[in-house]
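Welcome, and thanks for opening the viewer. Keep the selection panel at hand, and we will walk from stop to stop together.

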Amino acid sequence: MTTYAAPGQPDSLVQFKSRYDHYIGGEWVAPASGQYFENVTPVTGKAFCEIARGTAADIEAALDAAHAAAPAWGKTAVAERAQILNRIADRIEQNLEMLAVAETWDNGKAVRETLNADLPLAIDHFRYFAGAIRAQEGGLSQIDEDLVAYHFHEPLGVVGQIIPWNFPILMATWKLAPALAAGNAVVIKPAEQTPASIMVLAELIGDLLPAGVLNIVNGFGAEAGKPLASNKRIKKIAFTGETTTGRLIMQYASDNIIPVTLELGGKSPNIFFEDVMAQDDGYFDKAKEGFTMFALNQGEVCTCPSRALIQESIATDFLDAVVERTSRITRGNPLDTDTMIGAQASNDQFEKIKSYLDIGRQEGAEILIGGGVDDLGGEFADGFYIQPTIFRGDNSMRIFQEEIFGPVVSATTFTDFDDAIRIANDTLYGLGAGVWSRTGNIAYRAGRAIEAGRVWVNNYHAYPAHAAFGGYKSSGIGRENHLMMLDHYQQTKNLLVSY
Ligand code: NAD
């Protein structure tokens, strides 16, 4: 086991600045308001730096810089843009441990996740879109003897991006890599709960991009997010966050008739058919790991498998087994590589999860394990730690219908295939789902019948850059990852030419 030194200690891999300005036009720019807000690490609950508090004036300054940079960036040869993206990936890779510690300190998540998932996925994302943009081809078709149709890809120009706090660097990467590859200049607003690690990333990669191509304005949703999302000078707004905020973003965008990508909330069903326990051949162990994915990233994952649906015939044995497995999830200092789950990202989130633990009890759900806070004591006493919790109840309860966004799973039973699909689809959301069955026909039919954009079959929570990701229903509009993402950041120009 390695325990990384906490930022602030002399031997830490990362030393945050005491104050971060906005990153605009390749420079560090003080907020127009002169105001900064405190940024707290969830690991100890203590403030560790100040962050520029953005307002409409800062957004306008960032848009000025982006508009100045966009025309030349959009005309840069595709091979050169791809090379820059690859250099960004290399730079992140060379500093992976440092960024992993920065992300853990800012967000609270376990360093084993940032080291092995968040940062490697971010690196791969830049490399994937560096390759994708080079592989993209225009189209030419002969309509008749005298008429030819050409199709060209053009960047949109200047785009706005707003991201949440649960995977700060990875969510930034999901948006930046395709937008930059396609030749757009970007103004991005990180979440106010986790603004610092992205500024460390900007310090690291800023010099690789022409000034003004990447601009970062921090601040709160109403003060900095709204002036960006509702701005007439952006050609697209890409947003990841809550469904209620997504509705507002879509309203702003409708005034300007610009496209939106909305990656919103989820309440993902994870379905376990009775044959998962049929033999003692290791498959059930894999399924149990899939079940415990509810606690991954402290449950702060839009696709958290927060509803477990278990076939009635195996429910008692299955639940005993997953309770035992959950009891072995290691908790503790997020900077220890042995720790599986760390701290919730903010005090607000901590309080929200605690309120849902009370709601579950009041609704009459049975707590099979957990149900409270984790007091780690010492320097972590004021951190935001929650016990992994399994409720057993009914799909009509609020703990089954509302996004808790903590290490909490609500388990229920189903009788047969149709009942499983009925319960799985009885939700506002349609982002992710899991299906576990040794029987190919059952797994396939369930995967097709669930109303969700991503269904993991016999696994859970892989996020390869080349698999399309996005929501059905109230979970969003559009897709991220995959080649198709380039279409979301480009215009298609058609020339119909007679010779
Ligand atoms: P949130 O909607 O509160 O905030 C997200 C971002 O929007 C923040 O940067 C915030 O400052 C900004 N914002 C808030 N109000 C705004 C407004 N009026 N105008 C413009 N910007 C505004 O969401 P959150 O609590 O930070 O994130 C958690 C949510 O994100 C969960 O619902 C989760 O499911 C969702 N999420 C979805 C995905 C996905 O890919 N579908 C991925 C991660 C998280």
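Let us begin with helix H13, which spans residues 417-425. Please remember throughout that this is a predicted model. Select Ala420, Ile421, Ile423 and Ala424, the buried residues of H13. Look down the helix axis: these residues cover an arc of only 165°, which puts them on the same side of H13. This fits a general rule: an α-helix has 3.6 residues a turn, so residues three or four places apart point the same way. What covers the buried residues of H13? Add strand S13 (269-272), strand S14 (307-311), strand S17 (408-414), strand S19 (432-436) and helix H14 (440-449) to your selection, as the cover includes them.

**Next stop: strand S9**

Now select residues 185-189, which form strand S9; five of its five residues are buried. Colour its two faces separately: Ala185, Val187 and Lys189 lie on one side, while Val186 and Ile188 lie on the other, and both faces are covered.

Show strand S8, residues 158-162, which pairs with S9 in the parallel sense over five bridges. One pair to pick out is Val158 with its bridge partner Ala185 in S9. To follow the chain from S8 to S9, trace helix H5 (residues 168-181); this β-α-β crossover is right-handed.

Then add strand S10 (residues 214-216), which runs parallel to S9 and is joined to it by three bridges. Here Ile188 has Ile216 of S10 as its bridge partner. The chain gets from S9 to S10 through helix H6 (residues 196-205), and this β-α-β crossover is right-handed too.

**Around the ligand**

Which residues come nearest to the ligand? Select Gly221, Gly225, Gly241, Glu263 and Cys302: of the 29 residues around the ligand, these come nearest. Two elements give two or more residues to this shell, helix H7 (221-229) and helix H8 (243-256). H7 gives the most, with five residues. If you colour the shell by residue type, you will find 13 nonpolar, 10 polar and six charged residues.

**A sheet of three strands**

Move on to an open sheet with the strand order S1-S5-S4 and mixed pairing. Strand S1 (19-20) and strand S4 (36-41) stand at the edges with a single partner strand each, so one side of each has no neighbour in the sheet. Select strand S5 (residues 46-52) with S4 to see six bridges in the antiparallel sense. Glu38 and its bridge partner in S5, Glu50, make a good pair to label.

**Three loop residues to finish**

Gly470 sits in the loop between strand S20 (454-457) and strand S21 (472-473). Is Gly470 buried or exposed? It is buried, as 24 other C-beta atoms lie within 10 Å. Show its contacts, among them Glu263, Gly453 and Arg479; you met Glu263 earlier as one of the residues that come nearest to the ligand.

In the loop between S20 and S21 you will also find Asn458. Its phi is near 60°, a positive value in a residue other than glycine. Asn458 counts as partly exposed, with 16 C-beta neighbours inside 10 Å.

Last, go to Ile257, in the loop between H8 and strand S12 (260-263). Ile257 has a positive phi of about 50°, although it is not a glycine. With 6 other C-beta atoms within 10 Å, Ile257 is exposed.

Definitions and conventions:
Residues numbered from 1 in each chain as written. Predicted model: local features only at pLDDT ≥ 70, side-chain atom pairs only at ≥ 80, totals over all residues. Near = placed C-beta within 6 Å. Helix = DSSP H or I, 4+ residues; strand = E, 2+ residues; numbered from the N terminus. Nonpolar A, V, L, I, M, F, W, Y, C, P; charged D, E, K, R; others polar. Buried ≥ 20, exposed ≤ 12 C-beta atoms within 10 Å, placed from the backbone. Arc of directions from axis to C-beta. Contact = placed C-beta atoms within 7 Å. Pairing = 2+ DSSP bridges. Right-handed = clockwise from strand over helix to strand, strands pointing away.
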